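Biologist: Please pick out a single part here and take a close look at it. Start from one residue, then work outward to what surrounds it.

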Amino acid sequence: MQAMLAARPAMRKHSTPKTFVSMNAITATDVYCPLWRRLLALLYDLLAVLAIVMVVGYVCQRVTGGTAVSGDGHAHIAWWYQPLQALVVSAYFLASWLRGGQTLGMRPWRIRVSGANGQRITPTQAIIRLLVAALPMLLLALAPLVGARGAAWAVVIAWIAWFGVAAFDSRKRAVHDMLAGTELRRIA
């Protein structure tokens, strides 16, 4: 019995470093969310955002008697309608990130937004993340100059650059994550 107890510490000293090193190697490479997983979660979130926009649009049309958006061959949109849509969509993302660190699209892909040390993000970080991520939407103002299609392509190209940075960053962060001090992590 004493021989087994005497041999046990020697085995532990020998085997622990190997296990510890392999655990660190797995954690270091797999903790950050890869770009493809982030983009698939974003695609899921796009479906949620479309549903939110449709519900808000329906409610606005019902409340205003169909005058929020009307058209006689040319669309007339009430001045408050688009800011309201932006506010509701922004609230969806902010509430999701602050409540549990996950949007509906992040849940099936098992990823969570967190601070640099894995802690919950602060309201300031969430707002910065939201504003910087939405910044390419300002390119839609180019529509009178380059047309709607050109402005839409400008937004798409800007978002490719925004998210493309994550392919080269060691922590897989997009531009809005870098500026907000956040990152996406895979969860078990």
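Modeller: Let's start with Arg38. Leaving aside residues up to four places away in sequence, Arg38 touches Cys33, Ile111, Arg129, Phe163, Lys172, Arg173, Ala174, His176, Asp177 and Leu184. Keep in mind that this is a predicted model.

Is Arg38 buried or exposed? Its relative accessible area is 4%. Buried means under 20%, so Arg38 counts as buried. One of its contacts, Cys33, is buried too, at 0% relative accessibility.

Now take another contact, Phe163. Arg38 and Phe163 are 125 residues apart in sequence. In space, their C-alpha atoms are 9.1 Å apart. Contacts across long stretches of sequence also show up in the chain as a whole. Consider the contacts with a separation of 6 or more: 64% of them join residues 24 or more positions apart.

Next, the helix that holds Arg38. Arg38 lies in helix 2, which covers residues 35-63. How far does helix 2 reach from its first C-alpha to its last? Its 29 residues reach 41 Å, close to the 42 Å expected at 1.5 Å a residue. After helix 2 comes Gly65, with a positive phi near 70°.

Arg38 has company among the buried residues of helix 2. The others are Arg37, Ala41, Asp45, Ala48, Val49, Ile52, Val56, Gly57 and Cys60. Cys60 has a relative accessible area of 8%, so it counts as buried. We have now met two cysteines, Cys33 and Cys60. How many disulfides does the structure hold? It holds zero.

What covers the buried residues of helix 2? The cover includes helices 3, 4, 5 and 6, along with strands 3 and 4. Let's visit some of these.

Begin with the strands. Strand 3 spans residues 111-115, and strand 4 spans 182-186. They run antiparallel, and five bridges join them. Arg112 stands opposite Arg185 of strand 4. Val113 has Leu184 of strand 4 as its bridge partner. Leu184 is also among the residues that Arg38 touches. Four of the five residues of strand 3 are buried, so strand 3 is largely enclosed by the rest of the structure. Strand 4 also has four of its five residues buried, so it too is largely enclosed.

Now helix 5, residues 143-164. A straight helix of 22 residues would span 32 Å at 1.5 Å a residue. Helix 5 spans only 24 Å between its end C-alpha atoms. Where does helix 5 bend? It bends by about 80° at Arg149. Its buried residues are Ala151, Val155, Ala158, Trp162 and Phe163. That brings us back to Phe163, a contact of Arg38. The cover over the buried residues of helix 5 includes helix 2, helix 4 and helix 6. Helix 5, in turn, helps cover the buried residues of helix 2.

Last, step back to the whole chain. It has six helices and four strands. From the N terminus on, they run α-α-β-β-α-β-α-α-α-β. Of its 188 residues, 30% count as buried, and Arg38 is one of the buried residues. The chain exposes about 12300 Å², with carbon and sulfur atoms supplying 71% of that area.

Key:
Residues are numbered from 1 along each chain as its sequence is written. This is a predicted model: local features need pLDDT of at least 70, side-chain atom pairs count only at pLDDT 80 or more; totals for chains, interfaces and linings use all residues. Side-chain values use heavy atoms; hydrogens and water are left out. A disulfide is a pair of cysteine sulfur atoms within 2.5 Å. Buried means under 20% relative accessible area, exposed over 50%, partly exposed in between (1.4 Å probe, protein chains only). Helices (H or I, at least four residues) and strands (E, at least two) are DSSP runs, numbered from the N terminus. The expected span of a helix is 1.5 Å times one less than its number of residues. Contact means heavy atoms within 4.5 Å. Two strands pair if DSSP finds at least two bridges between them. The bend at a residue is the angle between axes fitted to the seven residues ending there and the seven starting there. Accessible areas come from the Shrake-Rupley method with a 1.4 Å probe; for residues, only the protein chains shown count as cover.
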